[in-house]
Structure formats: structure tokens, C-alpha cells
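Reader: I am in my first year and would like a close look at one kind of contact in this model. Could you take me carefully through the salt bridges, saying where the partners sit and whether they are buried or exposed?

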Amino acid sequence: MNKNILSIAIAALGFVIGLGLLGNAIKNRNKSENTISVTGLGTKQFTSDLITWSGSFSKNNFDLKSAYDELALDRKTINDYLLSKGVKQNEIVFSSVDIQKQFKNYTDNNGNNVQNEFTGYNLTQTVSIESKEVAKIENLSRNITEIINRGIEFTSSSPNYFYTKLATVKQEMIASATKDAKERAERIAENSGSSLGNLKKATMGVIQITAPNSNEDYSYGGTFNTASKDKEASITIKLEYQVN
């Protein structure tokens, strides 16, 4: 009989302990759910302070040396022209020369390739500029016909625009987004008759840089527009607060 009483006592004790653990679990679960998650937005508009621009030029000749010599003359003409427009020599970079053999294909009546005729060498070189004088290089890229008028077969690409103080902009946006998120959380807590507790978690999104007032899509890994001189950057901060 003593054994039975002991078994009953142990079972009763286990039941009480189980109820206590269940109560704590429910209490902790409710406590963990008593939070507010908000997302704040930080934005900043700025103008690029660095520009890159490039163009390519080429020469064709049956003789490789002659083609190279002609290309060298064009390279000097382009370099002198850029210097005359106020571009600094250390901002001008010429790539290595790309050499391609050119052939003309002939076909028979059945469309079969029967002969490849060598038509000469095509030599191409690229000139690139990187400068902080954005307006000057931008204007230069728009008036490249002056080079073409000098008898040079020149193809210009569109400029790309960058900002060298992006780290500072990012810090300002993070502070703005954090403030925005906290203010949202405070309003939610106040409207629900609660008070904001400690910050539990903060998650930062990726920076998105687009042209102002554009319909560019945001990217999961971040968008970086280089086609527009004027830019708008944005970033989100997600905050999770305990509510008292």
C-alpha cells in the first residue's frame, strides 16, 4: 500500500510540474508575440560627381603595319583634341589595339561557302576618360562630331555617372530610415494603449539607386543606375520592438 501511495504522490507531483511548465510556455509565447515590427524608409537625392566616357576608333588596310601606323596617327589626333578641350592627360586611357583579319565570303548557287577572300586587317582601339569635371566631359561626349570631321571613324558610347561620397549618403539614409521606423512604432504603440519597449531586432535592406521620378524596378540585390547624372537613393530598415 505504501508503494501505491508513493506512486500516486509522484504522479501528482509530475502533473503539477507539467501544469507549471505549460503555464510558463504559454506566458513566454504570449510575451514573445507582444512585439511590433515596422519598416522605415530613408531617401536622398544627389548629383553625380564622377563621370566616365569612352569611344572607339578603327582603321582598315591590307598591310598590317600600315593599318597600325594610320591608327597611331588617329590616336594622336584624338589625344591632342581631348587635351585642347581641357581634359587632363592622366584622365585619358587608350586600350590595347584589337586586330582582326577581315574576309569576304563567296557562295555557289546552292548556298555553299566555296571561297573566303582576305579583304584586309581591321584595327580597333578604345579611348576612355574618367573625370570629376562632369559638365566638361558630358559636353565633350555630345560634340564628338568634331573628331569625326577630322576624318576619324569614331564611335562614342553614352557616359556613365557615379558618386564618390556614397558611403556618407548611405549613413544618412540609415539614420533617416531608423528614425522613421521608430516613429512609426511609437505611434502604433500609443494608438494601442501600450508603450514601446526595448529594440529586439534590426534588419537593413539593400540600397537602391535610381533616376529621380523614374519607374525603374528595384532589384533584390540592389539597383545602381549609372545612366542618370541626378540620382535618388533609398534604403529600408526593419525594426522589431518589445511592447509593454
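Author: What follows is a walk through some of the salt bridges in this predicted model. Side chains of opposite charge can pair when their charged atoms come close. A search of the whole structure finds twelve salt bridges, and one of them joins the side chains of Asp 49 and Lys 165, with 3.4 Å from N to O. This pair links distant parts of the chain, 116 residues apart, since Asp 49 lies in the loop between strand S1 (35–47) and strand S2 (50–61), while Lys 165 lies in the loop between strand S7 (160–162) and helix H5 (166–191). Asp 49 has a relative accessibility of 17% and therefore counts as buried, whereas Lys 165, at 46%, counts as partly exposed.

Another salt bridge lies within helix H2 (residues 64–84), where Asp 69 and Lys 65 are separated by about one helical turn because they are four residues apart. The closest N and O atoms of this pair are 2.8 Å apart; Asp 69 is partly exposed at 37% relative accessible area, and Lys 65 is exposed at 57%.

A further salt bridge forms between Glu 138 and Lys 229, whose closest N and O atoms are 3.2 Å apart. Glu 138 belongs to helix H3 (residues 134–142) and Lys 229 to the loop between strand S9 (208–210) and strand S10 (230–243), so this contact ties together parts that are 91 residues apart in sequence. Glu 138 counts as buried, at 9% relative accessibility, while Lys 229 is partly exposed, at 29% relative accessible area. Finally, Lys 88, Glu 133 and Lys 136 are joined into one network by salt bridges that share partners.

Definitions and conventions. Residues numbered from 1 in each chain as written. Predicted model: local features only at pLDDT ≥ 70, side-chain atom pairs only at ≥ 80, totals over all residues. Heavy atoms only, no water. Salt bridge = Lys/Arg side-chain N within 4 Å of Asp/Glu carboxyl O. Helix = DSSP H or I, 4+ residues; strand = E, 2+ residues; numbered from the N terminus. Buried < 20%, exposed > 50% of the residue type's maximum accessible area, 1.4 Å probe, protein only.
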